[in-house]
Amino acid sequence: MRTADQFSSPPTDYNVVVPDGWFQLALDPQDRDRGIVALAELTFRGQDNVPHLKHQFMQDLQRKAKDAYQVGGTELYLSTMAVGPVPLASSLLISVPGPGEWPETSDAAALAEHLADRGRGEDEEISVVELDAAGSAVRHRRREAPDPARQLGNTLPTTTLTYYVPIPATTRWLLLNFSTPVDQLANQMVALFDTVAGTLHWG
């Protein structure tokens with residue numbers, strides 16, 4: 001496995017290792033609907049008396065997938081894991097923003113300063129970290145107010161963890177954007193997100 005500093009030209013791919021209970025939802029419009037139906041069937045298996053909830057769930061997925069695709073999303077993972085009856089709702093969107101959407105730099109410290117200048121709230125942490133294979137990255141954790149209209153009625157704060165990772169030999173960035181509305185387990189979920197981010201490597 002090559003580390004970031006061993007690339008003299010841009011990598012052709014990246015890889016991350018996600019938990020077995022995370023469902024990969026295709027973002028390409030041609031494949032999107034098939035994945036949404038499959039995830040809805042998996043989520044509501046054995047529950048034939050909630051067609052309205054299932055329909056809402058599929059609409060929410062459709063909106064998330066479209067939004068993700070429009071911001072340069074390459075992969076979207078959604079958790080199907082649970083502890084007993086409690087679903088461990090979470091997601092990971094991997095994206096590559098278009099040219100000009102971030103400062104023309106490959107320096108993590110410079111990007112961290114740029115993000116901090118945009119305004120840091122009380123529930124926000126920005127730091128520069130080292131990923132084993134992917135190299136220096138900006139780690140940005142924040143806690144946001146709920147948006148029931150967009151989150152299937154969720155009324156709990158959402159914790160978001162974003163890793164901004166410079167793509168070797170370029171001035172572009174790969175974003176790993178993790179999110180969970182499970183507020184009471186936010187720290188444990190963030191620990192899982194950190195573990196997944198740590199598996200990122202270039203190919």
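**Exercise 1. Is Ala169 buried, partly exposed or exposed, and what sets its backbone apart?**

Step 1: At 46% relative accessibility, Ala169 counts as partly exposed, because buried means under 20% relative accessible area, exposed over 50%, and partly exposed in between (1.4 Å probe, protein chains only).

Step 2: Ala169 sits in the loop between strand 9 and strand 10. Helices (H or I, at least four residues) and strands (E, at least two) are DSSP runs, numbered from the N terminus.

Step 3: The phi of Ala169 is near 65 degrees, a positive value in a residue other than glycine. Most residues other than glycine have a negative phi.

A word on the model before going on: it is predicted, local features need pLDDT of at least 70, side-chain atom pairs count only at pLDDT 80 or more, and totals for chains, interfaces and linings use all residues. Residues are numbered from 1 along each chain as its sequence is written, and side-chain values use heavy atoms, with hydrogens and water left out.

**Exercise 2. Find Asp31 and describe its setting.**

Step 1: Look in helix 1 (residues 29-43), where Asp31 lies.

Step 2: Asp31 has 33% relative accessibility and so counts as partly exposed.

Step 3: Now turn to His55, 24 residues from Asp31 in sequence; C-alpha to C-alpha, the two are 19 Å apart in space.

**Exercise 3. Which residues touch the most other members of the largest nonpolar core?**

Step 1: A nonpolar core is a set of buried Ala, Val, Leu, Ile, Met, Phe, Trp, Tyr and Cys residues joined through side-chain atoms within 4.5 Å.

Step 2: The largest one has 26 residues, and Tyr163, Leu176, Phe178, Leu200 and Trp202 touch the most other members.

Step 3: Two or more residues each come from strand 6 (91-95), strand 9 (158-166), strand 10 (173-180) and helix 4 (186-197). Helix 4 gives the largest share, 5 residues.

Step 4: Take Trp202 and leave aside its neighbours within four places in sequence: its contacts (heavy atoms within 4.5 Å) include Phe7, Tyr14, Val165 and Leu174.

Step 5: A second, separate core has 14 residues, among them Ile36, Ala40, Ala65 and Leu76.

**Exercise 4. How does the radius of gyration of the chain agree with that of a compact globule?**

Step 1: The radius is taken over C-alpha atoms, and the globule rule is 2.2 Å times the number of residues to the power 0.38.

Step 2: For 203 residues a compact globule would come near 17 Å, and the 18 Å of the chain agrees.

Step 3: For the overall picture, add that the chain has 4 helices and 11 strands, and that 41% of its residues count as buried.
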